[in-house]
Amino acid sequence: MKATGVVRRIDDLGRIVIPKEIRRTLRIKEGDPLEIFTDKEGEVILKKYSPIGELSEFATGYAETLSKTTGHIACITDKDSVIAVSGGSKKEFLEQSLSPELEKIMENKEIYTSKENNELAIPITQNDNNKDRRYNSQVIYPIISDGDVIGSVILLSKEQNTKMGDIELKVVQSAAGFLSSQMEI
């Protein structure tokens with residue numbers, strides 16, 4: 001555990017303020033859910049809660065099926081990182097923080113499809129450098145549960161002359177709908 005040197009007191013309602021610098025570093029926004037854990041030494045641990053993260057094993061299997069069915073790279077994300085990938089480099093995607101561009105698409109509940117090779121590919125992770133890696137086509141569909149975006153389903157292709165069409169859009173729409181329904185059970 002990393003010491004910050006910050007000390008806070010608990011108020012009369014049992015609340016404690018998480019310093020702004022820590023919230024910014026951990027990308028915790030107002031209204032974000034946090035999980036609370038305790039350990040044997042009496043430490044209290046706060047962790048940003050990812051509802052879809054609880055389905056990570058299930059999401060991995062689903063990503064594998066998407067990739068095998070479509071022949072494309074399949075990624076499933078929560079609001080902060082890629083939680084499942086198949087058909088592509090796990091090192092490149094898995095558990096990597098999402099790019100600001102992808103976060104904005106998700107935040108706006110947009111559906112993004114680049115159908116032509118000359119369209120700009122949206123970076124998926126913060127480490128995504130378009131000079132090194134250019135996706136010729138992609139489709140991004142938000143996973144929405146109870147009106148809130150909780151993640152996204154993404155298909156990517158590096159192949160020349162590959163275009164994402166209505167079929168790929170329906171596939172990711174179905175995947176997003178199914179994963180959303182699993183959250184509501």
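**A friendly note on strands, a helix and a ring cluster**

1. Let us start with one residue: Gln138 is found in strand E6, which spans residues 137–145. Please keep in mind that this is a predicted model. Is Gln138 buried or exposed? Its relative accessibility is 0%, and buried means under 20%, so Gln138 counts as buried. Its side chain still has a partner, since the backbone nitrogen of Ile122 is reached at 2.4 Å.

2. Now look at the rest of that strand. How many of the nine residues of E6 are buried? The count is eight of the nine, so E6 is largely enclosed by the rest of the structure. As you follow a strand with your eye, a general rule helps: in a regular strand, side chains alternate between the two faces of the sheet.

3. E6 has pairing partners that you can trace. Strand E5, residues 112–114, pairs with E6 in the antiparallel sense over three bridges. Within this pairing, Thr113 stands opposite Val139 of E6. E6 also pairs with E7, again antiparallel, and here there are nine bridges. One place to look is Tyr141, whose bridge partner in E7 is Val153.

4. How do E6 and E7 connect? They form a hairpin with two residues between them. In that turn, Asp146 has a positive phi of about 55 degrees.

5. There is another hairpin earlier in the chain, made by E1 and E2. Strand E1 covers residues 34–38 and strand E2 covers residues 44–48; the two run antiparallel and are joined by five bridges. For a landmark, find Phe37, whose bridge partner in E2 is Ile45. This hairpin has five residues between its strands, and Gly42 takes a positive phi near 85 degrees.

6. Next comes helix H2, residues 56–70. Its 15 residues reach 21 Å from the first C-alpha to the last, close to the 21 Å expected at 1.5 Å a residue. Which residues of H2 are buried? They are Ala59, Ala63, Leu66 and Ser67. These residues cover an arc of only 95 degrees around the axis, which means that they sit on the same side of H2. On the other side, Glu57, Lys68 and Thr69 are exposed. Try turning the model until you look down the helix, and compare the two sides.

7. What covers the buried residues of H2? The cover includes strand E3 (73–77), strand E4 (82–86), strand E7 (148–157) and helix H5 (166–183). E7 is also the strand that pairs with E6. After the helix, H2 is followed by Gly71, which has a positive phi near 80 degrees.

8. Finally, the aromatic rings. The structure holds three aromatic pairs. One of them is formed by Phe58 and Phe178: this pair is tilted, with 5.7 Å centre to centre and 35 degrees between the planes. Phe58 belongs to helix H2 and Phe178 to helix H5, so the pair ties together parts that are 120 residues apart in sequence. Are these rings hidden or open? Phe58 counts as partly exposed, at 35% relative accessibility, and Phe178 is partly exposed as well, with a relative accessible area of 34%. Ring pairs also bring in Tyr62, linking Phe58, Tyr62 and Phe178 into a cluster.

Conventions
Residues numbered from 1 in each chain as written. Predicted model: local features only at pLDDT ≥ 70, side-chain atom pairs only at ≥ 80, totals over all residues. Heavy atoms only, no water. Pairing = 2+ DSSP bridges. Helix = DSSP H or I, 4+ residues; strand = E, 2+ residues; numbered from the N terminus. Expected span 1.5 Å × (residues − 1). Buried < 20%, exposed > 50% of the residue type's maximum accessible area, 1.4 Å probe, protein only. Arc of directions from axis to C-beta. Contact = heavy atoms within 4.5 Å. Phe/Tyr/Trp six-rings, centres within 6.5 Å; stacked < 30°, edge-to-face > 60°. Polar contact = N/O pair within 3.5 Å; in protein donor to acceptor, adjacent residues only side chain to side chain.
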